[in-house]
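Please find below some comments on the model under review, set out as numbered points.

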Amino acid sequence: MRVITGEARGRKLEAVEGYDTRPTSDRIKESIFNIIQFDIEGRRVLDLFAGTGQLGVEALSRGAREAVFVDTNADAIKVIKANLKTTGFDSRSRTVNTDYRLYLQSKPGKFDIVFIDPPYKTDLCDKALIDLVAFDILSDGGIIVCETPQNAEIHVGTEEEYQINEYKYGHKKITVCRKLCAVT
């Protein structure tokens with residue numbers, strides 16, 4: 001695992017030991033960032049179910065202003081902190097060792113980009129999407145990026161509220177949900 005491009009390009013990232021954390025492959029990560037490449041600079045990023053933190057780290061490397069990493073696994077938080085130190089992004093980031101829902105309930109402010117990559121074979125992606133909308137965490141024009149199994153159905157808001165695009169890569173699917181700006 002490595003940072004693909006930007007300020008920390010080529011730096012190797014640590015992984016969490018064991019099989020509980022499933023890092024995003026470089027191919028999928030590169031595809032995600034090709035899709036959102038013009039939406040990163042100066043943005044505030046939330047990496048839910050952060051695991052190794054590689055999606056948030058990649059966003060920081062590409063110019064995101066700030067990133068918050070949330071994970072319930074204490075070992076994952078240690079790895080994220082090490083990866084932030086290795087890349088030099090520790091001053092532009094924060095790690096939170098808690099359940100994603102407790103974090104969202106804490107009213108952490110608005111985010112411009114939210115990465116959701118929960119453990120597969122759970123309903124955590126749907127629950128997180130419902131909570132993101134309910135707690136109004138995403139800024140107008142903000143983006144939610146979900147990594148799920150290919151057959152997962154993503155439900156967020158209505159067509160008037162979100163533009164949804166799906167991209168399939170083997171047995172994985174990336175869903176990009178853009179929150180449309182409110183018309184007054």
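1. In this predicted model, the buried residues of helix H2 pack against two other helices and four strands, namely helix H1 (26–35), helix H3 (74–87), strand E1 (44–48), strand E2 (66–71), strand E3 (93–97) and strand E4 (111–116).

2. The burial of H2 (residues 54–61) extends to eight of its eight residues, so the helix is largely enclosed by the rest of the structure. The residues concerned are Gln54, Leu55, Gly56, Val57, Glu58, Ala59, Leu60 and Ser61; Glu58 is thus listed as buried alongside Leu55, Val57 and Leu60. Just after H2, Gly63 adopts a positive phi of about 110°.

3. Strand E1 is likewise largely enclosed by the rest of the structure, because five of its five residues are buried. Both of its faces are covered: Arg44, Leu46 and Leu48 are buried on one side, and Val45 and Asp47 are buried on the other.

4. E1 runs parallel to E2, and five bridges join the two strands. Within this pairing, Asp47 stands opposite Phe69 of E2. The chain passes from E1 through H2 to E2, forming a β-α-β crossover that is right-handed.

5. E1 also pairs with E4, again in the parallel sense, over four bridges. Here the bridge partner of Asp47 is Phe115. Asp47 therefore merits attention in the figure, being buried in E1, opposite Phe69 in E2 and bridged to Phe115 in E4.

How values were computed:
Residues are numbered from 1 along each chain as its sequence is written. This is a predicted model: local features need pLDDT of at least 70, side-chain atom pairs count only at pLDDT 80 or more; totals for chains, interfaces and linings use all residues. Side-chain values use heavy atoms; hydrogens and water are left out. Buried means under 20% relative accessible area, exposed over 50%, partly exposed in between (1.4 Å probe, protein chains only). Contact means heavy atoms within 4.5 Å. Two strands pair if DSSP finds at least two bridges between them. A crossover is right-handed if, with the strands pointing away from the viewer, the path from the first strand over the helix to the second runs clockwise.
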